[in-house]
Amino acid sequence: MSSLASQLLVWFDLHGRTNLPWQATYSSPLGGQATYSTCDLQQSSGRSPLGGQIEQKAKPNVYHIWLSEVMLQQTQVDTVIDYFNRFIHHFPTLNSLADASEDAVLAQWAGLGYYARARNLHKTAKIIMRDYQGNFPQIFEQVLALPGIGKSTAGAILALGFNQRQAILDGNVKRVLSRVYQLKGHYAQSSVLKELWRLAEYHTPGVRTAHYTQAIMDLGATLCTRTQPRCSHCPISTMCGSYKNQTQAHYPEAKPKKLKPSRSIAMLIFTNDNKIHLQKRPNKGIWGGLWSFVECEDNVQSIEKSILQFDPLAEIAKHLPIFKHTFTHYHLHIHPIMINCYSTQAEFYPPDNLKFGVPKPVETLISQMTCSADN
DNA sequence: AAATCGGGGCT
DNA sequence: AGCCCAGATTT
């Protein structure tokens with residue numbers, strides 16, 4: 001294996017993270033938990049020279065690995081932990097996830113963002129129950145074909161879950177390799193991406209692949225950070241071009257910046273007797289599939305038209321302060337309007353549902369409006 | 001190749 | 001205020 005890989009594995013045994021909720025925990029073989037067979041995993045650590053009381057790593061729960069990998073897409077570890085624990089509490093098994101309603105899944109996802117991830121997660125659970133009898137597929141092409149799983153996530157699942165020799169290329173690996181090789185150009189460019197994949201696959205070892213995969217991510221998360229990398233503690237600084245030339249800050253190259261446009265909308269909050277009207281948003285677009293207030297353009301004509309269309313007797317009760325919410329690609333100015341509504345044909349949900357029920361998605365907006373109104 | 005899709009943490 | 005994060009999908 002490459003020198004980089006062997007050095008990372010040595011470092012991982014001393015400083016790698018082993019306590020994340022989706023990682024298998026160390027347990028005694030007497031505890032009855034399943035363990036790797038020798039053909040599944042070449043285990044080189046955690047063994048005692050004396051037989052019997054050896055500690056072995058428990059077999060990873062692939063459902064947990066998969067769920068965590070999806071949650072961790074563009075989302076930091078500290079943010080994911082609480083969502084992960086709540087999610088597996090509600091859906092302890094892949095089977096229970098497949099049997100749940102999409103709204104129930106989205107409710108557990110609310111606040112995490114990128115809601116297509118949750119819808120694809122649910123789709124994939126159903127596919128695995130139907131096509132693979134509930135067993136997560138172990139063929140790369142089959143994993144890659146599942147909704148919401150791209151090349152890197154497929155590699156991570158097979159490497160971490162089954163110790164297969166599959167490479168990953170997440171933000172950590174990109175940053176580490178960009179620095180080690182002082183790669184020119186931003187990795188939005190396909191040529192740079194291609195080279196990064198080549199390097200990632202070259203360094204991924206055929207033994208202890210799970211540990212290596214965790215190791216290079218841990219290195220990126222704890223030492224080779226975006227700003228102020230701790231090179232004095234780095235196990236591969238001797239083979240790092242950026243360390244040699246002290247050019248760490250230049251890699252990876254900064255992404256060319258783009259200006260974010262601004263948009264404005266009104267959110268119509270129809271209330272009646274302490275109940276709030278919500279409607280399900282289309283899967284396409286922002287907050288896809290979540291429950292939300294009625295949205296329309298923020299001008300008098302559109303607002304009046306939307307109100308009358310919903311209930312001819314409705315009247316505006318209060319204009320709440322406009323607040324700004326920024327997405328990855330634009331600023332959104334939201335104008336919340338409280339409206340007294342008398343229609344009985346509307347779909348109302350008691351406020352309790354906002355906390356405990358399906359339409360959780362709105363909670364984010366509510367808290368923001370409350371926050372904004374207090375200012 | 002570029003746009004779309006979030007929310008939170010860090011500087 | 002800007003950038004980034006265990007990216008994938010669509011256009």
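Two residues are taken to be in contact if their C-beta atoms, placed from the backbone, lie within 7 Å. Helices (H or I, at least four residues) and strands (E, at least two) are DSSP runs, numbered from the N terminus. The model is a predicted one, where local features need pLDDT of at least 70, side-chain atom pairs count only at pLDDT 80 or more, and totals for chains, interfaces and linings use all residues. Residues are numbered from 1 along each chain as its sequence is written, while chains are lettered from A and ligands numbered from 1 in the order in which they are written.

A good place to start is helix H1. In H1, Ala5, Leu8, Leu9, Trp11 and Phe12 meet His211, Tyr212, Gln214, Ala215, Ile216, Asp218 and Leu219 of H11. This contact breaks down into 9 nonpolar, 2 polar and 1 charged residues (Ala, Val, Leu, Ile, Met, Phe, Trp, Tyr, Cys and Pro count as nonpolar, Asp, Glu, Lys and Arg as charged, and the others, Gly among them, as polar). The axes of H1 (residues 3-15) and H11 come within 9 Å and cross at roughly 80 degrees; axes here are lines fitted to C-alpha atoms, for helices over the stretch in contact, and angles run from 0 to 180 degrees between N-to-C directions. H1 is therefore roughly perpendicular to H11 (angles under 35 degrees count as roughly parallel, over 145 as roughly antiparallel, 65 to 115 as roughly perpendicular and the rest as oblique).

Helix H2 turns up in two further pairings. With H3 (residues 77-90), H2 packs at an angle of about 140 degrees, the axes being 10 Å apart, so H2 and H3 are oblique to each other. Their crossing is right-handed (a crossing is left-handed if the near helix is turned anticlockwise from the far one by less than a right angle, and right-handed if clockwise). His64, Leu67, Ser68 and Met71 of H2 make this contact with Val80, Tyr83, Phe84, Phe87 and Ile88 of H3. By class, that gives 7 nonpolar, 2 polar and no charged residues.

With H8, H2 packs at an angle of about 145 degrees, again with axes 10 Å apart, and the crossing of H2 and H8 is right-handed. Val62, Ile65, Trp66, Glu69 and Val70 of H2 meet Thr153, Ala156, Ile157, Leu160 and Gly161 of H8. The contact of H2 with H8 has 7 nonpolar, 2 polar and 1 charged residues.

Then there is the DNA. Around strand C there are 30 residues, with Leu72, Gly150, Thr153, Gly171 and Lys257 coming nearest (a residue is near a molecule or strand if its C-beta atom, placed from the backbone, lies within 6 Å of it). Helices H2 (62-71), H8 (151-162), H9 (171-181) and H11 (209-222) each supply at least two residues of this surface. The surface near strand C has 9 nonpolar, 14 polar and 7 charged residues. DNA strand B is surrounded by 21 residues, the closest being Gln74, Gly113, Ser190, Ile286 and Thr328. Near strand B, the classes are 6 nonpolar, 14 polar and 1 charged.

Two backbone details round out the picture. A cis peptide bond, with omega about -10 degrees, joins Tyr251 and Pro252, and Pro252 is found in the loop between H12 (241-245) and strand E3 (262-272). Tyr114, in the loop between H5 (102-109) and H6 (116-131), has a positive phi near 50 degrees although the residue is not glycine.
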